[in-house]
Amino acid sequence: VSQADHQPLRLFVDSCVATLVPDQTSTPRYAFIENHGCLTDAKTTGSSSRFMPRPQDSKLRMKLDAFRFYQDARSSIYITCLLKVTAASQSVDSVNKACYTTGNIGRLWMGVIRCAAAVTPAVLLP
């Protein structure tokens, strides 16, 4: 997010879906960010998908494990995301967050919330 003539802003990804064609409602589809910013792909056993620490409020980075759709050999997919921004001074809340679930209880939490339908702890990034 360019902030040249704006108040300081914080970027969030509200949702993301992967599809085989440019239509985000097509099937098959894989929603890997849901629930206003929860990286649900991280719930998959053995997944290393996660949001990375922010270098700036206006930047958000994530690591997403590579995948293909079942029984489809295409090497390209379409990813459609809904992005949003808030004032950087606004507190992170249930609809403005970047979180991912993990089974690693020993991790240093930046915050703990319930993420999607997860039963494991969630890491919340401001």
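The following exchange concerns the nonpolar core and the aromatic pairs of a predicted model.

Visitor: On what basis are the values given?

Guide: Residues are numbered from 1 along each chain as its sequence is written, and side-chain values use heavy atoms, with hydrogens and water left out. The model is predicted: local features need pLDDT of at least 70, side-chain atom pairs count only at pLDDT 80 or more, and totals for chains, interfaces and linings use all residues.

Visitor: Which element gives the largest share of the largest nonpolar core?

Guide: A nonpolar core is a set of buried Ala, Val, Leu, Ile, Met, Phe, Trp, Tyr and Cys residues joined through side-chain atoms within 4.5 Å; buried means under 20% relative accessible area, exposed over 50%, and partly exposed in between (1.4 Å probe, protein chains only). The largest such core has 14 residues. Two or more residues come from each of β1 (9-19), β2 (29-34) and β7 (98-101), strands being DSSP runs (E, at least two residues) numbered from the N terminus. The largest share, four residues, comes from β1.

Visitor: Why is the pair of Tyr30 and Phe67 classed as it is?

Guide: Rings of Phe, Tyr and Trp (its six-membered ring) pair if their centres lie within 6.5 Å; planes under 30 degrees apart count as stacked, over 60 as edge-to-face and the rest as tilted. The ring centres of Tyr30 and Phe67 are 5.2 Å apart with planes at 80°, so the pair is edge-to-face.

Visitor: Is Phe32 buried or exposed?

Guide: Tyr30 is partly exposed, at 23% relative accessible area. Phe32, at 1%, is buried.
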